[in-house]
Amino acid sequence: MSGFTVIWVLVAAAIAGAGSWLVTPKGPNQVLIRTSAILTLTCCYLMWTIVYLAQLHPLISPKRADVRFLEE
């Protein structure tokens with residue numbers, strides 16, 4: 001796995017945002033629906049990206065607690 005996955009998901013989210021922008025029905029709540037859809041996509045993408053990158057490059061390397069070290 002690499003960081004390019006983040007770019008591909010960003011492209012997919014941008015296409016979904018553009019699609020939601022174009023498909024939104026006309027009416028008095030059009031701006032609210034567009035804003036909600038794009039804000040939802042943005043928040044979901046950011047949450048996914050942060051979790052994905054935190055697992056891909058952890059700041060603290062995990063240590064096993066069940067391993068005993070031999071003392072000499």
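These are my notebook entries on a predicted model of a single protein chain.

**Overall shape**

I started with the secondary structure of the protein chain and found two helices and zero strands. Next I looked up the radius of gyration, which is 21 Å, while the globule rule gives 11 Å for 72 residues, so the chain is more spread out than a compact globule. The C-alpha trace fits that picture, spanning about 75 × 20 × 15 Å along its principal axes.

Then I checked burial: 14% of the 72 residues count as buried. The accessible surface comes to about 6500 Å², and carbon and sulfur atoms account for 72% of it.

**The UniProt record**

I pulled the UniProt entry, which is unreviewed, and it lists residues 6-24 and 31-54 under "transmembrane region". I went to see what the model has at those positions. Residues 6-24 are 95% helix and 0% strand, with the end C-alpha atoms 27 Å apart. Residues 31-54 are 100% helix and 0% strand, and there the end C-alpha atoms lie 34 Å apart.

**Helix α2**

Helix α2 covers residues 30-56. I wanted to know if its length adds up. At 1.5 Å a residue, its 27 residues should span 39 Å, and the end C-alpha atoms are 39 Å apart, so the two agree.

Which residues of α2 are buried? I noted Q30, R34, Y45, T49 and Y52. What do they pack against? The buried residues of α2 sit against α1. A reminder to myself: an α-helix has 3.6 residues a turn, so residues three or four places apart point the same way.

**T24, in the loop**

I moved to T24, which is in the loop between α1 (4-23) and α2. Is T24 buried or exposed? Its relative accessibility is 9%; the cut-off for buried is under 20%, so T24 counts as buried. I also found a polar atom of the T24 side chain 2.4 Å from the backbone oxygen of S20. Leaving out residues up to four places away in sequence, T24 touches Q30, I33 and R34.

**Q30 and R34**

I followed two of those contacts into helix α2, where both Q30 and R34 lie.

Q30 has 15% relative accessibility, so I put it down as buried. Not counting residues up to four places away, Q30 touches T24 and P25. I also took a distance to A65: the C-alpha atoms of Q30 and A65 are 54 Å apart in space, with their positions 35 residues apart in sequence.

R34 comes out at 18% relative accessibility, which is why it counts as buried too. Beyond its neighbours within four places in sequence, R34 is in contact with W21 and T24. I looked up V23 as well: it is 11 residues from R34 along the chain, and their C-alpha atoms are separated by 9.2 Å.

**T42**

Last, I checked T42, another residue in helix α2. Is T42 buried or partly exposed? Its relative accessibility is 38%, so T42 counts as partly exposed. I then took the distance from T42 to A14, and C-alpha to C-alpha it is 8.9 Å, for a pair 28 residues apart in sequence.

**What I am keeping**

For my own summary, T24 is a buried loop residue with Q30 and R34 among its contacts. The buried residues of α2 pack against α1, whereas T42 is partly exposed.

Methods: Residues are numbered from 1 along each chain as its sequence is written. This is a predicted model: local features need pLDDT of at least 70, side-chain atom pairs count only at pLDDT 80 or more; totals for chains, interfaces and linings use all residues. Side-chain values use heavy atoms; hydrogens and water are left out. Helices (H or I, at least four residues) and strands (E, at least two) are DSSP runs, numbered from the N terminus. Buried means under 20% relative accessible area, exposed over 50%, partly exposed in between (1.4 Å probe, protein chains only). UniProt positions are given in the numbering used here, feature names are shortened, and annotations may be inferred rather than shown by experiment. The radius of gyration is taken over C-alpha atoms; the globule rule is 2.2 Å times the number of residues to the power 0.38. Accessible areas come from the Shrake-Rupley method with a 1.4 Å probe; for residues, only the protein chains shown count as cover. A polar contact is a pair of N or O atoms within 3.5 Å; within protein, one must be able to donate a hydrogen and the other to accept it, and residues adjacent in sequence count only if both atoms are side-chain atoms. Contact means heavy atoms within 4.5 Å. The expected span of a helix is 1.5 Å times one less than its number of residues.
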